[in-house]
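Dear colleague,

I am passing on the structure below, and I would be glad if you kept it open while you read my notes on its charged side chains and its core.

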Amino acid sequence: MAKSLKMIFQTEAGKTATLSLAEPKDGLTKAEVQTAVDEMVAKKAVVIGSAAATGVKEFYVLSSERSELA
């Protein structure tokens, strides 16, 4: 089963942008992700077009499974 960490940021332009990280480590905690995204926003590490991220709307781990058709 494939997993990805989805982080949805608010931007200066009033829009949202999603950053995905494939295969996050097992046991990842909300506190660890919150710390990381807060640092990313503080350092203006996420820029979409010319608009920097101003905050985080939400983040979650998405699991998906691929099934071949018979």
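**Charged pairs and the core**

Lys 25 is exposed, with a relative accessible area of 53%, where exposed means over 50%, buried under 20% and partly exposed in between (1.4 Å probe, protein chains only). Please keep in mind that this is a predicted model, in which local features need pLDDT of at least 70 and side-chain atom pairs count only at pLDDT 80 or more, while totals for chains, interfaces and linings use all residues. Residues are numbered from 1 along each chain as its sequence is written, and side-chain values use heavy atoms, with hydrogens and water left out.

The side chain of Lys 25 meets that of Glu 32 in a salt bridge, at 3.3 Å from N to O; the term stands for a side-chain nitrogen of Lys or Arg within 4 Å of a carboxyl oxygen of Asp or Glu. Glu 32, with a relative accessible area of 34%, is partly exposed. By this rule the model has 3 salt bridges.

Another of them joins Asp 26 to Lys 3, with the closest N and O atoms 2.7 Å apart. Because Asp 26 lies in the loop between β2 (16–22) and α1 (30–42), whereas Lys 3 belongs to strand β1 (residues 2–11), this pair ties together parts that are 23 residues apart in sequence. (Helices, H or I with at least four residues, and strands, E with at least two, are DSSP runs numbered from the N terminus.) Asp 26 counts as exposed at 64% relative accessibility, and Lys 3 as partly exposed at 24%.

Glu 68 and Arg 66 also form a salt bridge, their closest N and O atoms being 2.9 Å apart, and both residues are exposed.

What, then, is the nearest side chain of opposite charge to Lys 6, which is buried yet has no salt bridge? It is Glu 23, 11 Å away, if Lys and Arg are counted as positive and Asp and Glu as negative, with His and the chain ends not counted. Lys 6 lies in strand β1, and its side chain is joined to that of Ser 20 by a polar contact of 2.9 Å, that is, a pair of N or O atoms within 3.5 Å, of which, within protein, one must be able to donate a hydrogen and the other to accept it, residues adjacent in sequence counting only if both atoms are side-chain atoms.

Finally, the largest nonpolar core has 8 residues, among them Leu 5, Phe 9 and Val 33; such a core is a set of buried Ala, Val, Leu, Ile, Met, Phe, Trp, Tyr and Cys residues joined through side-chain atoms within 4.5 Å. β1 and α1 each supply at least two residues of this core.

With best wishes
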